[in-house]
Amino acid sequence: MPSGEARVILRVAGIRKRFGGVTALDGVDLVARAGEVHGLVGANGAGKSTLVKIVNGVYRPDEGELEVDGRPASFASPREAREAGIAMVYQEFSLIPTLSVAQNIQLGREPRNRIGLTDETELRRSAARILGDLGVAVDPDAPVGRLPVGVQQLVEIAKATSVGPSLLVLDEPTASLSQSEVEALFATIRRLCERGVAIIYISHHLAEVRKICRRITVLRDGRTTLSGETAGFSLDAIIEAMTGRVVAEVAARAAPPDASDRPPVVELRGWSLLNRLHGIDLSIRPGEIVGVAGLLGSGRTSLLRSIAGLEPAVRGEMRVAGRPVRITSPAAAASHGIAFVPEDRRREGIITGQSVQANHLLSTWGTLTRRFLVDERAALLATRSAVDRFGIRTSGPAQAMEQLSGGNQQKVVVARALARSPSLLLLDDPTTGIDIASRRELLGHLRDYADAGGAALIVSSELDELGGIAGRVLILSRGRVVRQLDRAAGEVLSESLLHAALHAPDAHPGHTG
Amino acid sequence: MNRLQGTARVGLGALLALTVAVPTVAQERIDLDAATVGPSGEASTPVDAIPALTEEELAEISGGGHTAALLWAGAGTWYNALSAGARDAFTEMGIEVVTEAEANFDPARQATDIETALALKPDIILSLPVDPVAGAQAFRPAIDAGVKLVFVDNGVDGYVPGTDYVAIVTGDHFGMGKAAADLMADAIGGSGKIGVIYHDAVFYVTNNRDRYFQAAIEQRYPEIEIAAAQGFAEESRTQEIAAAMLAQNPDLAGIYVAWSSAAQGVIAALREAGKPDVRVVAYDLDATNDLDMASCGNMAGVALDRPYQEGRTMALLAAHALLGNETPTFVTVPVQTETRENIEQVWTENVNAAPPQEILEALAAGCA
Amino acid sequence: MPTGDGAATPVAPVRPGARWRFASVRPDNLIVYIGFLAILAFFAITLGDRGFLTPENFANIARQTAMVSIMAFGMTFVLSSGEIDLSIGSVVALSALVVAVLLRADLPIVVAVAGSLAAGLLVGLANGLLTTRLRIPSFLVTLGTMTIVVGAARVLTDLEPVPVTDRTFAFLFGSGTIGPVPVLLIWTAAALVIFHVLLRRTPFGRQVLATGGNRAAARYSGIRTDRIKIAALMLGAATAALAGMLYAGRLQGARYTLGEDDLMTVIAATVIGGTSLFGGRGSIVGALVGSLLVGMLNNGLLLMGLSVSEQLIARGAIIIAAVALSLREGAP
C-alpha cells in the first residue's frame, strides 16, 4: 500500500438520511483515498448499508456533502454513480450461474462483431486480461455456477472492476469463503490497490479488517464513533465503538476442572459412519469444552449429528454417564440429556413466523404445564428470564422471530438447547454470521454452562475462538482424528497448526480422551 | 326482488351470457298426449313384445362362448338393479360378463371405459351413454369391431338404429314425469303450492322427467301452483335448497325432487323445519325413502321404471342380434308408481326380493 | 465474566389474569372477521325480506355448517402439523355406513359409535404411518387412501343406502333439538372449545405448531415429530368420522356418496380462517368463522334465487377473495 497521504477519491461529510421517522444516518464523515483499503464496520442497523447506498447512487442524502475526486457529486441513480467511477460488489452475487466467467464479466457490454453478434474471441480475450490483471487464475469459459464460492467472489470483483472504477465497495466479501480463498481475495485487493483503486471494505470479521484495511471507520446508530488508522486501535476499542459497551474476550480456563470422580458425560469407541467417520474414540468429562476443527468434509458435522441421534446408520459403542446406550433419534438423545444446536440456523434452527417464546420453549413445553394445560404465566416468565440472562435484544417474547438479528436468533436457539439442562451440549458452528458482540456473549454463556458442570462439544471454523474456549481441540481429517491439542499442555489451536496437522506426512489417528 | 338483488342478478347474468342454460320451464308447449317416440321418430315397442329365445336359439347362444361388457353412466341402487337383470339373463344364456364399469357421469371416463372394454374383445356391450353427443365418437370403435351395442335410457346422436346399435331400451321418461305430477296431485289433494327441485345439468333422462312434470302440473292441474323452482348439480345440496325454499314459502304443500337419493336431504330438511305434512315426490326405488314412506313420513310416492326388467331386456335383445334375428329398435318399459300401498309388490317385482325388514315392520305398524 | 445486556430491553410487566387469558384467543386474522361481518351485513340488507334474518334460517346455517366446521377443526391440526388430508370425504362416507350397519345389527349405540370412530382412526393411523415411515408426502398418501376408503364404503353395502331407525341415535347425532337449539350446534360448540384448548393451551398443540413451522428445528429439539404428525392425521380422521355419524343421524340414513363434496369446503374454511397451508400457524376459531362464512355465502346466494351456475361463479370468486385477503394478512 502506498505510504503518505494519497489522493482523495471519495469524501463524505455530515451525511444525514431519514426514512420516515427513522434516522438512518446522523452526520457521518468518511474519506477514502486511492490505493487504500478503508474498512467500514458496525453492527446491523448501524447505517453501513445506507451509507454505501448513498455513495452508490441508490439514495440521496437529506443533508451533507459528497465529493468524488475533489468535485461535488450528486447521483440520481446507480448508473450515474457508475459513470462517476464508483462500483460496488454486493453480498448476494449478481452472477448468472449458467453463463461463463467471460460472459458474466462483460454482461450487458459484450463486444460485438460487424454483424452485431457477440464476438466470442474478443469476449474471452478481454476477460482473460481482466482476470490476469487481478491475478485471478480461472478459465474464462468455465460456467460460473460450477466454480467454488471463493472463485465466484473473485469473478464478481473482476466484473465490478472491468469498467475501471476509481472506488470499489466490497460488502461482506468473505462471508462464504474458506481461509485460502480469503488469502486469494486479499492478494487481488492488494493488486487493485497497486493500481490506485480506492476500496471500502465492509465486514464483520474484525480480524480480517485489521489485517487488510489501512484505515477504519466505525458506525453506530448512524454516527461515526471511530475513525483513523487501523493500527492505532485495539480490538476492544473497535468493539466498544461498535456496540457502546465493553464486552471482554472470553478467557480460557487454565486447566479444566477436576472431575475425575464423575463418569464421563459421553464416551465413544470405534464410532464409525460409512464414508464419513472411521473409528473415532472420544471421551468428554463434565465441565469440559471440547473443540472439533477440520475442513469441510472432515466429518466434523457428522460427528455431532451422529451423537445427536440424527444418523441412525452409525456404528460403534456409545456410553452416556457410564451406561451403554443406542441413540437413534433426537428425541432419544434429548432424553439422555444431549442437546443439539444445528449449523444452519435459518433452515434447521429457528421457526420463522412464530414468536420468540414459541422458538425458545420448543423443547420444554411438556414441563410447563398445570393440570395438562400450558401454564402461560410460567412460560412467559421462563422466556423473559432467558431474554435477560442471555441478553437477547427483543421487544418481548411475543416478537416475531424473524425480526431479530442473526446474533439474537442464535441466542434464542442456544437458550432453547440449555432450557432442558442438558449434560452435553453439541454446537455446530454456532457463531457463523453473527456480530462480534453476540459471539462473545454466546461463548461467555457457554463458559458459564461448563463452569456449572455441563459438557460441550463444539465445531467451529473460527479457529481463534475455538482455541480460546476449548480446553481440548480435536483435529479431524477425512473422518479420523489426526491430532489432539491440549491447552493444559500449552498447545493452542491456530491456523498454521491446523494446516500442519492436516498435511503432516505421518498424521495418524491417535488415542484421545 | 329489490333493486340491489336485481342489479346483482343482471350483472351475473351478463357474465353468464355464454353459458348454456337448461330450460327449466318448457319454452314451447309440450303435448302431453303425444306418444313416446325414439330418436329417429320410430314408434316404441312395449318390452313384453320382445320374444323370448326358442330352445334351439338358447342352445346355440349358450354354446357360442360369447362375452359381454356393461358400461354404465353412474352407480347406485338403480344401476344395481339394471346390472342384476342383465347378469341374470346373461347367465341363463351362457354369456359371460367380462367387465363392468361406471363413468361417474364423465364422458371422458366413459370413452376410456369403452377402450378398455374393447381390449377384452366382447361380443356385446350394454351401456347407458353419459353424453349422446360425445358418445358418437366414443362408441365408434365398438361399432367398427362389430360389437353388438344395446343402450338404455340415453341414445347416441347420429347412430342408425339397427345398423350401428341394436336398440334403445328405455323407461318412459315422459310418462314418468306425468305420473309424478299425478302422484303429487293425489298427495296434496289437487290444489296448493309446491316447490320443484330439478336437476340443473344436461342429462336427457332427468331433463325430460323434470320438463314433463312441470308441463303436466301446468296443463292438467291448474289448481296447483309451482311457487318455487331451484336447480341443483351436487346431490348434497338439496337439503339446503329445501330449507331455503321452506323459509321463503312456509305454506308449501309438496316438493318434487329430481331423483330419490336427492330426496333424502329434502326429507331431513322437512324434519328439521317441523313440517310433517309436506309431501315429497321423486323417482326410483330407494330403501331409505321407502322406509320413510312406510313409516308415514313425508315421502308420498315415486314414479319408477323397471331397471331389472330393462337389464334383462337389453341382454335378450343383444342375444337376438347375435343370432341374426331382427328386433325392434326402440323399446319402452311402462311407468310404474309406488306409494305406501304397494311397496311390497314393487320390491318383489323389481328387485326380486322382499323389502328390508325395517320397511316391513313399518308397514305393519300402520299410520297413527 | 461477560456482562449481560446492561441496558434493560424494554419489556412490559406481566399483569396476571386478563392479559394471558385473552392472549390465547387473540384473533390472528382480523380481516376474516371483518369480511364475515361485511357479508352478513350485505345479505341482511338485501335479503331481509326473503327470510335471511329469521331464526329458522340461522338455525339452518348452524346445522348445515356443523359437519364442515367440525372437520375444519381437525383439518386445522393436520395443516398446522405441516401435512394435509384429502381422504376426509371418504372417511365421512365410511364411518356413516359403519355406524348405520352396526345400528341395523341391533348393537348398542355406544358400540356402533365406537366402531365408526375406530374405522376413522384406523384410516388416520394408516395415513400417518404411510406419511412418516415411507416418507411419502401426505398429499399423495391421502389421495390414495381417499380412493381406497370410498371403494371400501361402496363395497360395504354394495352401493345400497342404509336407513337409520334408532331414534335415540338420530336425536343425539344430528336430528334433535334441545329447546330451540339444534343438537348439531351443541356438537359444534363442544368441538370448538375442545379443539381450541387442545391447539392453543396444551403442550401437544404447541408441538404440532412447532412441527409444522420447522420440522427439522422441532425434531432436533427433541419433539417426536413423527408421532405428532400421526396424531394430527388421526385427529383429522376422527373429526371426519364424527361428521359421518352426524350426517347419518341428520339424514337418518347413510350412503356411500356422503361427504364427497366436503373436502374443498373444509380446506377453504380452514385456510380462510387463518391456518397456513404450509404449517406452523393455525386457528380453530378462525376455522369456525371460515366455515360459517362459506355456509352463509351458500345460504345467501340460494335465497337470492341464483341458478346453480351463477352460484358457483359467485361462490368461487368470493372464496378466492377471502383466501387472498386471509393469506396476505397472515404473511410475515
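This report walks through the chains, domains, cores and one helix of a predicted model.

**How the chains meet**

Let's start with who touches whom. There are two pairs of chains that touch, and the pair with the most contacts is A and C. Chains A and B, on the other hand, share no contact; their closest C-alpha atoms are 38 Å apart.

Chain C does touch chain B, with 35 residues from chain C and 37 residues from chain B taking part. On the chain C side, four helices each supply at least two residues: H3 (55–80), H11 (225–251), H13 (284–303) and H14 (308–330). If you sort that side of chain C by class, you get 15 polar, 11 nonpolar and nine charged residues.

**Domains in chains A and B**

Chain A is assigned domain 1 (8–243), domain 2 (250–337 + 422–513) and domain 3 (352–420). Chain B is split into domain 1 (45–172 + 307–334) and domain 2 (173–304 + 337–365). Here are the spacings between C-alpha centres for one domain pair in each of these chains.

| Domain pair | Distance between centres |
|---|---|
| Domain 2 of chain A and domain 3 of chain A | 27 Å |
| Domain 1 of chain B and domain 2 of chain B | 30 Å |

In chain A, 12 residues of domain 2 are in contact with 12 residues of domain 3. On the domain 2 side, helix H15 (residues 436–451) of chain A gives the most, with five residues. That side of domain 2 has seven nonpolar, three polar and two charged residues.

In chain B, 11 residues of domain 1 are in contact with 13 residues of domain 2. Helix H3 (77–92) and helix H11 (307–323) of chain B each supply at least two residues of the domain 1 side. H3(B) gives the most there, with three residues. By class, this side of domain 1 of chain B has five nonpolar, four polar and two charged residues.

**The nonpolar cores**

Now for the inside. The largest nonpolar core has 245 residues, and those with the most contacts inside it are A:Leu426, B:Ala180, B:Ile197, B:Val257, B:Val280 and C:Ala96. H11(C) gives the largest share of this core, 18 residues. A second core, separate from this one, has 67 residues, including A:Val37, A:Val89, A:Ile157 and A:Leu177.

B:Ile197 is a handy place to look in detail. Setting aside neighbours within four places in sequence, B:Ile197 is in contact with several residues, among them B:Phe232, B:Ile241, B:Ala242, B:Ile255, B:Val257 and B:Val266. Its contacts also include B:Gln230, B:Thr238 and B:Tyr256.

**A helix with two sides**

Which residues of helix H13 (residues 357–365) of chain B are buried? They are B:Ile359, B:Ala362 and B:Leu363. These buried residues are on the same side of H13(B) because they cover an arc of only 100 degrees around the axis. The general rule fits in here: an α-helix has 3.6 residues a turn, so residues three or four places apart point the same way.

What do the buried residues of H13(B) pack against? Their partners are helix H10 (287–294) and helix H12 (343–351) of chain B. Over on the other side of H13(B), B:Gln357, B:Ala364 and B:Ala365 are exposed. Just after this helix comes B:Gly366, which takes a positive phi of about 80 degrees.

How values were computed:
Residues numbered from 1 in each chain as written. Chains lettered and ligands numbered in written order. Predicted model: local features only at pLDDT ≥ 70, side-chain atom pairs only at ≥ 80, totals over all residues. Domains from an automatic or database assignment. Contact = placed C-beta atoms within 7 Å. Nonpolar A, V, L, I, M, F, W, Y, C, P; charged D, E, K, R; others polar. Core = buried A, V, L, I, M, F, W, Y, C linked by C-beta atoms within 7 Å. Buried ≥ 20, exposed ≤ 12 C-beta atoms within 10 Å, placed from the backbone. Arc of directions from axis to C-beta.
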